[in-house]
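Hi everyone, thanks for making time for this one. I'd like to walk you through a structure, so please have the sequence and the 3D view open while I talk.

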Amino acid sequence: MLLQGLKVVEMATWVAGPSAAAVLADWGADVVKVESPIGDATRVYYPDTPEAPNPIFTNENRGKKGVKLDISKPEGRQALKALLRQADIFITNVRPGSLKRAGLDYETLKAECPTLIYGAVTGYGLVGPEADTPAFDMTAFWTRSGVAHATIPPDQEPFPSRPGFGDHVTALATVSGILAALHERHATGRGRLVESSLLRAGAYTVSWDLAIQLRYGEVVTAQPRDDRPGPITGFFRTKDDRWLLLLPRTLDCFTQLMIALDRPEILAEPRYEPPVTDQQAVREIRAICDEAFGGMTLEEVGARLTAADLAWAPMGTLADLAEAPFARDAGCFEMVDDGWGRMFPLPASPARFPEGAPPVNRPAPKLGEHTREVLEAAGLTPEEIAAVL
């Protein structure tokens, strides 16, 4: 059954809020997406025609019904509240100040909808002077949280994260909080506010480094390659211009690697006995590895590293992943209706249920596609429906 029978109303745009609702829809929840008359911003990324369906909007909104409401008008707000009175969960990433002014904040709604679980997806949280600051994942999650600074070496020009990178982490945090609140509601019968933020998700994502910073007052993060510790940790280029990442698990991996690279004599050098802390020795070992890797193809190197039971991975491309049998085996893709009657693969939500799960059997909605149907089911009269159409 998973989440079948669970009613979700989503009033969100861009990525973090919609993708949280999309995960719930993937798992069987009945999700209604409420959009403004101009629609979700991600609708404009692709034209969404039979010849060129919109994969971005579909990825974040598959499996939902679509309702168009203008909540700047009293009729629109009343229609939304009618939906919320029947809902189990509300997900929104509208800024807190705007929700408060519209009477759609949690404190205002909880008296009218006491069992509602209210999922607020924010940039910087619900309180404090930053609560209404405009935010995207590239600003709050990637840049301001310290994730970018910890990731980009100081000798490189800063670069943005890929679109949706932090949004999807935040979406999963939102889903986990909502499910915890849902479990609590089974015992108490009461809803509650669940808040997630791009900033908090970023802080959690980089929490190894942040924990060191909090405990000791400083932390060394991304460094230029020549200054990095760990002589055999990192990326290496092969003869056929491919990159691979090597990640040793134990000190014994140094011995295994030198044997795999036909350089056992290195093991007799006292300066190179692990753990190597002298940075000049680190650079010398890395140069030996660079030379060895550079003399072999990725296939040749991979065979040796695999035989030595070393943890490594080639740097794959999205094109590689899209065609990889191991990605299909891991359930990375979901067949989805493109909205024009054809099925195509999209990234699957990350949790899998091998013993069975509801199929993703509804495409992303056209703007306002199900407005009349959903409002009728919520009990609005024909006159009330006509007022919002």
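**Aromatic rings, helices and a few odd torsions**

Let's start with a group of rings: Phe-141, Trp-142, Phe-159 and Phe-165 come together as one aromatic cluster. Before I go on, please keep in mind that this is a predicted model.

Two members of that cluster bring us to a helix pair. Phe-141 and Trp-142 of α6, together with Asp-137, make the contact with α8, which contributes Phe-165, Gly-166, Asp-167 and Val-169. How do the two helices sit relative to each other? As a reminder, two packed helices are described by the angle between their axes and the distance between the axes. Here the axes of α6 (residues 137–144) and α8 (residues 165–188) cross at roughly 90° and come within 8 Å. Angles from 65 to 115 degrees count as roughly perpendicular, and α6 and α8 are therefore roughly perpendicular to each other. If you sort the contact residues by class, you get four nonpolar, one polar and two charged.

Staying with α6 for a moment, its range runs to residue 144. Arg-144 lies over the face of Tyr-124, and the distance to the ring centre is 5.0 Å.

Now back to the rings in general. How many aromatic pairs are there, counting ring centres within 6.5 Å? The count comes to nine aromatic pairs. Let me show you two of them.

One is Trp-14 with Phe-136. Their ring centres are 5.3 Å apart and their planes stand at 90°; planes over 60 degrees apart count as edge-to-face, so this pair is edge-to-face. What I like here is where the partners come from: Trp-14 is in the loop between β1 (7–11) and α1 (16–26), while Phe-136 is in the loop between β5 (117–122) and α6, so that the pair links distant parts of the chain, 122 residues apart. Are these two buried or exposed? Neither label fits, because buried needs under 20% and exposed needs over 50%. Trp-14 has a relative accessible area of 31% and is partly exposed, and Phe-136, at 44%, is partly exposed too.

The other pair is Phe-236 with Phe-293. The centres are 4.8 Å apart and the planes are at 40°, which is neither under 30 nor over 60 degrees, so the pair is tilted. Phe-236 lies in strand β7 (residues 234–237) and Phe-293 in helix α12 (residues 279–294), so this pair ties together parts that are 57 residues apart in sequence. Both Phe-236 and Phe-293 are buried.

Let me return to the N-terminal end. Glu-10 is found in strand β1, and with a relative accessibility of 0% Glu-10 counts as buried. What does Glu-10 touch, leaving out residues up to four places away in sequence? Its contacts include Gly-17, Pro-18 and Ala-21, and also Val-32, Lys-33, Val-34, Asn-61, Lys-64 and Ile-91. Gly-17, Pro-18 and Ala-21 are among the buried residues of α1. In fact α1 is mostly covered, with 11 of its 11 residues buried. Just after α1, Gly-28 has a positive phi of about 105°.

That takes me to backbone geometry. Most residues other than glycine have a negative phi, and most peptide bonds are trans. Here are some cases that go the other way. Leu-2 has a positive phi of about 50° without being a glycine; it lies in the segment before β1 and is partly exposed, at 38% relative accessible area. Asp-262 is not a glycine either, and its phi is positive at about 60°. Asp-262 is in the loop between α11 and α12, and Pro-275 is placed in the loop between α11 (252–260) and α12 as well. Pro-274 and Pro-275 are joined by a cis peptide bond, with omega about 0°.

Finally, let's zoom out. The protein has 17 helices and 11 strands, and 41% of its 389 residues count as buried. Its C-alpha atoms fill a box of roughly 85 × 50 × 40 Å along the principal axes. Among contacts between residues at least 6 apart in sequence, 70% join residues at least 24 apart.

That's my tour, and I'm happy to take questions.

Conventions
Residues numbered from 1 in each chain as written. Predicted model: local features only at pLDDT ≥ 70, side-chain atom pairs only at ≥ 80, totals over all residues. Heavy atoms only, no water. Phe/Tyr/Trp six-rings, centres within 6.5 Å; stacked < 30°, edge-to-face > 60°. Helix = DSSP H or I, 4+ residues; strand = E, 2+ residues; numbered from the N terminus. Buried < 20%, exposed > 50% of the residue type's maximum accessible area, 1.4 Å probe, protein only. Lys NZ or Arg CZ within 6 Å of the ring centre and 35° of its normal. Axes fitted to C-alpha atoms, helices over the stretch in contact; angles between N-to-C directions. Parallel < 35°, antiparallel > 145°, perpendicular 65-115°, else oblique. Contact = heavy atoms within 4.5 Å. Nonpolar A, V, L, I, M, F, W, Y, C, P; charged D, E, K, R; others polar.
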